[in-house]
Amino acid sequence: MIVILAALNLEHQAVRSLLSPLRRLDHPAGTIFEVGRPPGGRGLVALGVTGEGNTTAAILAERAIAMFRPQALIFVGVAGALRDDIALGDVVVATKVYAYHGGEVHQDGFRPRPRSWQITHQLDQLARRVHRAGSWRALLPAGQAWPLPQIHFSPVAAGEVVLKSRDGAFAERLRRTYGDAVAIEMEGAGVAQAAHLNAGLPVLSVRGISDRADVAKHHADSAGWQPIAAANAAAFAMAVAASLSSSTANDHQAENRLARLLVQTGSTGLLVPHQLPSTRGPLVGRVDHLSKLDEMLLRSDGQTARIAILTGMAGAGKTALAVHWAHSATEEFADGQLYVDVRGFGPDPPLQPREILSIFLRALGQSEGAELGGLEERAARFRTALNGRQLLLVLDNVGSVEQIRPLLPGSCSCAVLITSRERLRGLVVHHGARVLEVDRLAPADSVVLLRTAIGERAVATPELLAVLADRCAGLPLALRIAAERLTWEAGQLAGLASEPTQPGSPLDLLDTGDDPYSAVRTVFFWSYQALADPAARAFRLLGLHPGGDFSLPVAAALLDRPASQAKTILRTLVNAHLITPVATDRFGMHDLLRAYATELCALVDDDISRRGAVARMFDQYLHTADQADCLIMPHRYRIALDGVAAVEPAAGKRADAAHWFDLERNNLVDLCRLDRAELDSRRWQLAYVLRDYFYLSKHLDDWIETHRLAVAGCERLGDHRAEGMIRNNLGRALLEAGQPDAAAAQYGKARDLLEAAGDVHGVTDALVNMASILRHRGAYTQALRDQLAALAFYRHAGLERKIGITLRGIASTELALGRLADATEHAEEALAKVTGLGLDLDAAQALNVLARVHLRRGELDRAEAAGQRAIEHSRKASSDFEQARALHELGRVAEAAGQPGRARQQWTQALAIFSRLGALAAETVRSDLQKAG
């Protein structure tokens, strides 16, 4: 592992563009690192930004060293030339770093007492070999117009005092003091000191020359030398890192350490997924299966697809086997493991390929583009993301070939492990998949599993264990539940082994009588029958939950119990193996158990009880979602909600709210799918509340589906106002998905409905939404007329956020009409409005509009400043899209300023982000780059 640190964003982006694939890792103290492979694909490089100054550089270096334990540290940045023989754009590789550490005051002035750090000889020699080989030049930006840089191996002077004093007299004093130093910079001493204090870790400082020490810095900056110098230094540093990585043998150890760090830090936004669920107890009787999976999925000739299908009946342990093997093979798949239960069998609606592709693309970091385009486009994007990567896909509970065919990678470097109750012959015939049968356990293995699960808590004769194993039909799921029953009733083994099915019980209606699958229900009945009434009722009602996992507050609402009592009941169900803890105060239920619980609920509980439980559950989700929405999108217009939350939603921060939405998204969508007339009002309210989360997360499929379901509910209710509000939001979703005509149709219907309902506010929303369509079609005058009318209403109503948003849209329209003075005024007012509200995303969007306006007016300095501020607010809002948009605008500013090299650099960075996000704007940026040559 090599660590590269950069002082500022400019140098950071230059290095970052040379690493792939990137994955994010968050230090506990808040520092963000990214890890990727250098050109050539060998080894790992961790990249971080220190900020200005020796102190911050030293702190960040200490964090990086402690976190990654690298073999070397490389610092990359720009510097000022101290000697005239160093040209702008050249690269200085420091052989020694000088810095002030005290001094003496004499009559003739201050005499500095510098301290120095010598570069490790081995690293110095490696850097010189890289220089002589010359291959590092291949890493310079394509189409570079400036002269090739020269590489200088010389000392540099570092420190805040050194860099901030640029008068001629001081420069002379520097030359006298440091003598052989050729450049001055700010952070190298801090990094060198941190490396020195950590067991003499090898450190290298690589600086691109961006200005001269005795000349005003802004002259060189305005000429565009900073990005040039940063790109040159990054190219040489990356070549050294790649060479150092290829000469080491601990690549595998670095991968393992990184995998542990990803788990330990709980980093967000990772581009290397680790999605495998946890294993559940020991795996018994599957040694041969594990060996065959090794043969199928780990041994490859580089040309044959690696696809294995585990097939067998329900409850045979296919998922347990797949997950166990996948965990054992994680070291073979350094680029991650993707997992999804595609719900091919069970009570939940099956996941569609488009939805699964969105899930996987997001896991690989392509969040914005995950739900753009149709199935084929997403599948192609997914195959591109997997190309050449060593990654494992585990596709669990597959119902049909069509459900997963688009998910198959095009690269043989990836492996696919599938579980299904079907043989999926189409995958065998057309894709070379290999099938492995997972049958029921042999009698001896069944007894071993029972004995292992029971342990010392129950003493039983082998004969009775064999009888019980036979009654469980060798199905691991049934065996584990039966074993848990015995831990409760250790003295009742003989009775349990001979216990017949009770005539007239609900089981009679469920048992097929001649299918080993019925043995699973028999065992379910044993555990259910042993429950006390509160736990039995809870088990039945949990079958009403629409998703696969649920939280404690939701369970408490379903059961109509305080959270403390509900938790006690849930522990009882966990002990009975009827539900499974999946996280703190979060539980899951096997699909077979959910089906059984649902059927029991229909048989035992009356309709009023079931309806009441579902309404309480819905209200808990609805009100918790509304509170979370207030955090992620403050100042938005709120609607009155039905019902109340049984458990008061916990207060938190914006990040907590976003995490809750991510965790509950599938359940929230499943709630909207409950097609029951008595829930129609709650369904449209929930869809309305989810709009902001979907807008930010770009889960466009879910956005469109929930709102179409809500429209159907509103039509059944005859609630025109609600339908108009939902259609307004649906139009935005369709517009985000690249369907402007469909969006316009929804906006038109929304306007008519809201007018009929007398909702002036809603009509105004529809008006301003339609204006965005008109602007898209080039009808700017009409669009501006409607925007100004909407603005007047919002001002009168005091809706501050909508005033800011509408002002921003007005400025964009006026820019298109060439009304630049008006556009400037309105963009600046929009910016003031949203910054006053603390809305960073809206501020970034307003600043990007303002940058375009200033550029059109020829105000390049002001356009540059607006673009830089847009980047700052984009980062605060965690919006890579707006950051890329700002970089695109900054590239246009650089082009207008006669700085083609800097323009290409900004556009290259923007293109990388847009491409990663899958955004349509990537094509515009790519076109600008092509035109620039």
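**Notebook: salt bridges, a small sheet and a covered helix**

I began with arginine 751, which forms a salt bridge with aspartate 752, and I noted that the closest N and O atoms of this pair are 3.7 Å apart. I then looked up how open each partner is, and found arginine 751 partly exposed with a relative accessible area of 32%, while aspartate 752 is also partly exposed, with a relative accessible area of 45%. Before going on I wrote down that this is a predicted model.

Next I asked which residues are joined into one network by salt bridges that share partners. I listed Arg343, Asp670, Arg673 and Glu705 as the members of that network. For the whole structure, my search gave 51 salt bridges. I added a general reminder for myself, that side chains of opposite charge can pair when their charged atoms come close.

**A pair inside one helix**

I turned to aspartate 124, which forms a salt bridge with arginine 128, with 2.8 Å between the closest N and O atoms. Where do aspartate 124 and arginine 128 lie? I found both in helix α3, which covers residues 121-133, and they sit four residues apart, about one turn of the helix. I also checked whether each partner is buried or partly exposed. Aspartate 124 has 9% relative accessibility, and because buried means under 20%, it counts as buried. Arginine 128, at 26% relative accessibility, counts as partly exposed, because that value falls between the 20% and 50% limits.

**A pair between two helices**

I then followed the salt bridge in which the side chains of arginine 727 and glutamate 715 meet, at 3.2 Å from N to O. This pair links distant parts of the chain, with arginine 727 in helix α30 (residues 720-736) and glutamate 715 in helix α29 (residues 700-717), and the two residues are 12 residues apart. When I looked up their accessibility, arginine 727 came out as buried, with a relative accessible area of 7%, whereas glutamate 715 came out as partly exposed, with a relative accessible area of 47%.

**A sheet of three strands**

I next traced an open sheet in which three strands follow the order β16-β18-β17, with antiparallel pairing. Why is one side of β16 and of β17 left without a neighbour in the sheet? I noted that β16 (549-551) and β17 (580-583) stand at the edges and that each has a single partner strand, so one side of each has no neighbour there. From one strand to the next, the twist averages 35°. I looked at one pairing more carefully, and found that β16 and strand β18 (residues 586-588) pair in the antiparallel sense over three bridges. Phenylalanine 550 stands opposite phenylalanine 587 in β18.

**A covered helix, and the whole chain**

I asked how many residues of helix α6 (residues 188-197) are buried. My count was seven of its 10 residues, and I therefore entered this helix as mostly covered. The buried residues of α6 are Gly188, Ala189, Gly190, Val191, Ala192, Ala194 and Ala195.

Last, I wrote down the totals for the protein chain, which has 40 helices and 18 strands. Of its 933 residues, buried residues make up 56%. Among the contacts with a separation of 6 or more, residues 24 or more positions apart account for 71%. The chain exposes about 37,300 Å², and carbon and sulfur atoms supply 51% of that area.

Note on methods: Residues numbered from 1 in each chain as written. Predicted model: local features only at pLDDT ≥ 70, side-chain atom pairs only at ≥ 80, totals over all residues. Heavy atoms only, no water. Buried < 20%, exposed > 50% of the residue type's maximum accessible area, 1.4 Å probe, protein only. Contact = heavy atoms within 4.5 Å. Areas by Shrake-Rupley, 256 points an atom, 1.4 Å probe, with all protein chains shown as cover. Salt bridge = Lys/Arg side-chain N within 4 Å of Asp/Glu carboxyl O. Pairing = 2+ DSSP bridges. Axes fitted to C-alpha atoms, helices over the stretch in contact; angles between N-to-C directions.
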